[in-house]
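Subject: Structure for you to look at

Hello,

I am passing on the structure below, with notes on what turned up in it. Please have it open while you read.

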Amino acid sequence: MKSIRENIITPARKRKGSCRQALKSVLLYLWDVYSIPAPTGKNCLALLSLCLTLAVITGGLLHHWLSNTLKYNHEGSIQTACIYSVAVFLVSFLCHPLRCVLTMTLPTVCTKEGRKLLISASVMILILNVVPNISVNVGAVARILKCTAEGFTKTLLNSSEPLNSAKRDLVAETIKVRREDLSIVTNLRKLDHFTHVDVSEVKSRFTKIIGQIEVNFSHARNLLKEYKLLSNRILAAVFVALLVFESARYLKSYLTSVQFDNNYICKELKHQATHAANKRAAKNKTYPTSCKITSQECTSCLISLFVVTLYFIAITLIVALDHVVYHIVQMILPWLQDFPPTSAIISVNYKVTWFPPAFCIIPHNCITRELTNFHRDYKWTFNPEPSLCDVKTSAPSLGVTLLLGCLWLMSYSLVFLEVYARRLRRKISASFFREQEERRVAYSMKKIQEKLNKKEQKEAVSIEVTSG
């Protein structure tokens with residue numbers, strides 16, 4: 001067992017440690033080359049390779065984002081990605097400050113600005129996906145009510161057919177009496193002329209109006225899809241522009257002010273702060289090599305968590321409303337589509353009697369004669385036919401809900417990652433501009449020394465008073 005340990009395990013551990021050390025050395029060398037202002041010789045070639053690799057990788061990601069997410073055409077996505085890659089390669093290789101800005105965009109995503117962008121994206125997704133889905137489900141109820149009203153209207157128009165039939169039969173029965181001098185015949189003909197309804201023409205106009213309404217609704221849906229895609233593209237452009245702007249603003253403040261973002265003291269300053277008073281003053285400071293969060297940072301995190309929670313409670317309520325509306329509509333639609341038909345009957349009774357006074361000379365003929373006795377029922381069904389309406393509801397998208405949940409979790413995680421993102425951003429700036437970092441360290445050291453001197457003077461005065 002001892003020989004196995006000496007011959008196999010120990011050499012393997014040494015090789016693993018040496019590989020790790022070699023990898024660490026290579027990464028430190030590449031970072032030094034990448035962050036120095038003006039590399040020369042082999043360093044220049046290494047920087048060229050790093051910038052080219054960065055440009056190609058980010059260009060490929062940009063092409064994938066443009067073509068698959070933002071739905072740009074393939075040729076336009078390739079052209080944009082190529083132009084971007086060439087621009088990033090030239091800018092990152094030739095301009096040292098812009099190389100620093102581009103590097104700081106990644107930790108900037110995890111700061112307050114990135115959290116704002118995530119919340120803005122959540123609100124945009126809510127407006128473009130959840131709210132239209134609610135309107136679609138509410139519109140389904142409105143559509144079936146409209147369809148039912150159309151059925152009632154068509155049935156009402158069809159009811160004119162039995163009425164016209166009744167008038168025609170009544171006029172024909174009256175003419176059979178062969179008493180043209182009777183005023184009832186003339187009146188019935190006028191009634192038939194002025195009350196006849198051309199059902200086919202009304203139906204064609206009604207169908208044309210409904211078709212035009214459907215075209216308008218279809219145009220509105222297509223317009224909403226176009227606006228949705230356009231808003232996604234605008235949000236993406238704003239997202240990238242804000243990342244670059246915030247990184248550039250941070251770098252400008254870092255270079256122009258030694259007091260900006262100078263709450264973190266270098267580790268060397270911690271070793272120099274040997275006095276007890278200075279230790280108490282540095283107690284609430286966090287150093288770049290520390291992973292602990294101070295009480296001040298923890299309080300800031302709690303406030304940010306409260307704000308994020310308020311935003312996403314409102315978003316959760318709207319998503320819950322979407323589910324509630326969908327289930328209510330699913331319960332209402334079968335009841336609306338099960339509208340029972342109603343039957344109606346027109347009963348026509350027409351009786352004509354004739355009493356000739358001249359015939360009373362003969363008592364036997366002095367009677368009232370019945371010329372006609374017409375009785376007929378006309379029946380039709382009053383059916384709105386809501387079951388024939390093509391109504392489709394839209395279920396809440398599980399993908400949208402999961403996406404909002406992921407954005408919520410990411411926003412919560414960014415609250416805590418913001419502390420480390422700020423430290424990383426400061427470390428990147430310090431690596432790119434080391435002379436500025438030295439001035440900032442000297443300024444911090446000067447402030448600490450002044451506090452120490454003041455404290456020593458107070459202690460000396462108190463000792464003198466006590467001894468006196």
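Thirty residues line the second largest pocket, and those nearest its centre are Pro132, Ser135, Val136, Arg221 and Ser394. The elements that each give two or more residues to this lining are H5, H8, helix H11 (295-337) and H12. H5 contributes the most, with twelve residues. The space in the second largest pocket comes to about 960 Å³. Sorted by class, its lining holds 14 nonpolar, seven polar and nine charged residues. Please keep in mind throughout that this is a predicted model.

The largest pocket has a volume of about 1700 Å³. It is lined by 45 residues, and Trp65, Val109, Phe239, Val240 and Leu243 are the closest to its centre. Two or more residues of the lining come from each of helix H1 (2-35), helix H2 (42-69), H3, helix H4 (96-109), helix H5 (112-158), helix H8 (199-256) and helix H12 (398-432). By class, the lining of the largest pocket has 37 nonpolar residues, seven polar ones and one charged.

H12, which is among the elements lining the second largest pocket, has two details of its own. At its N-terminal end, Ser397 acts as a cap, with a side-chain oxygen 3.4 Å from the backbone nitrogen of Gly399. Further along, H12 has a kink of about 45 degrees, centred on Leu417.

Away from the pockets, have a look at Ala344, which sits in strand E1 (residues 342-354). Which residues does Ala344 touch, leaving aside those up to four places away in sequence? They are Tyr378, Lys379 and Trp380. Ala344 and Thr381 are 37 residues apart in sequence, yet their C-alpha atoms are 6.2 Å apart in space.

Now for confidence. The chain has a mean pLDDT of 75, and 73% of its residues reach 70 or more. Where is confidence lowest, and where highest? The lowest is in helix H10 (residues 276-281), with a mean of 45, and the highest is in helix H3 (residues 74-94), at 89. Over residues 274-289 the pLDDT is below 50, and in the model this stretch has 30 contacts beyond near neighbours in sequence. Where pLDDT is low, predicted coordinates should not be read in detail.

Regards

Notes:
Residues are numbered from 1 along each chain as its sequence is written. This is a predicted model: local features need pLDDT of at least 70, side-chain atom pairs count only at pLDDT 80 or more; totals for chains, interfaces and linings use all residues. Side-chain values use heavy atoms; hydrogens and water are left out. pLDDT is the predictor's confidence in each residue, from 0 to 100. Helices (H or I, at least four residues) and strands (E, at least two) are DSSP runs, numbered from the N terminus. Contact means heavy atoms within 4.5 Å. On a 1 Å grid over the protein atoms alone, a cavity is a set of points where a 1.4 Å probe fits but cannot get out, and a pocket is an open set with protein on both sides within 12 Å along at least five of seven lines; lining residues have an atom within 4 Å of a point. Grid points are joined across faces, edges and corners, and a volume is the space filled by probe spheres set on the points. Ala, Val, Leu, Ile, Met, Phe, Trp, Tyr, Cys and Pro count as nonpolar, Asp, Glu, Lys and Arg as charged, and the others, Gly among them, as polar. The bend at a residue is the angle between axes fitted to the seven residues ending there and the seven starting there. A polar contact is a pair of N or O atoms within 3.5 Å; within protein, one must be able to donate a hydrogen and the other to accept it, and residues adjacent in sequence count only if both atoms are side-chain atoms.
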